[in-house]
Amino acid sequence: MPPKKKSVDFEQSLSTLESLVNRMEQGDMTLEESLQAFEAGIALTRECQTRLAAAEQQVSKLIEQQGNMSLEPFDADEGDE
């Protein structure tokens, strides 16, 4: 089964955003290029935030469907003790 398109798009958007930030940090862009890059970066950031919020909502629905109405924070170190 191929990966879901939204997942790929999110990863591509995040990668594009990281590349854009790296270019801007180098400091060799013109003012106009910097403004365009900043505008594109804001759009990518909003797009990524929207996708993350949708994913969070989907996870909440899945938890609710399992009859567990309380959300608990994920603790990656929980099983390491």
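## Where I42 sits

I42 has its place in helix α2, which spans residues 31-65. Helices here are DSSP runs of H or I with at least four residues, and strands are runs of E with at least two, numbered from the N terminus. I42 is partly exposed, at 33% relative accessible area. Buried means under 20%, exposed means over 50%, and partly exposed lies in between, using a 1.4 Å probe and protein chains only.

I42 joins M24 and F38 in a nonpolar surface patch of about 250 Å². Patch residues have over 30% relative accessible area and no salt bridge; nonpolar side chains (Val, Leu, Ile, Met, Phe, Trp, Tyr) are joined within 5 Å, like charges within 9 Å.

## The model and the whole chain

This is a predicted model: local features need pLDDT of at least 70, side-chain atom pairs need pLDDT 80 or more, and totals for chains, interfaces and linings use all residues. Residues are numbered from 1 along each chain as its sequence is written, and side-chain values use heavy atoms, leaving out hydrogens and water.

The protein chain has 2 helices and 0 strands. Of its 81 residues, 12% count as buried. The chain exposes about 7,200 Å², with carbon and sulfur atoms supplying 54%. Areas come from the Shrake-Rupley method with a 1.4 Å probe; for residues, only the protein chains shown count as cover.

## The core

The largest nonpolar core holds 5 residues: L17, L20, M29, A37 and L44. Helices α1 and α2 each supply at least two of them. Such a core is a set of buried Ala, Val, Leu, Ile, Met, Phe, Trp, Tyr and Cys residues joined through side-chain atoms within 4.5 Å.

Setting aside neighbours within four places in sequence, L44 is in contact with S13, T16, L17 and L20. Contact means heavy atoms within 4.5 Å.

## S13 and its partners

S13 lies in helix α1, residues 5-26. S13 is buried, at 8% relative accessible area. Not counting residues up to four places away in sequence, S13 touches L44, E47, C48 and R51.

The side chains of S13 and E47 share a polar contact of 3.0 Å. That term means N or O atoms within 3.5 Å; within protein, one must be able to donate a hydrogen and the other to accept it, and residues adjacent in sequence count only if both atoms are side-chain atoms.

## The salt bridge

The count is 1 salt bridge. R51 pairs with E47, their closest N and O atoms 3.1 Å apart. The rule asks for a side-chain nitrogen of Lys or Arg within 4 Å of a carboxyl oxygen of Asp or Glu. Both residues lie in helix α2, 4 residues apart, about one turn. R51 is partly exposed at 24%, and E47 is partly exposed at 32%.
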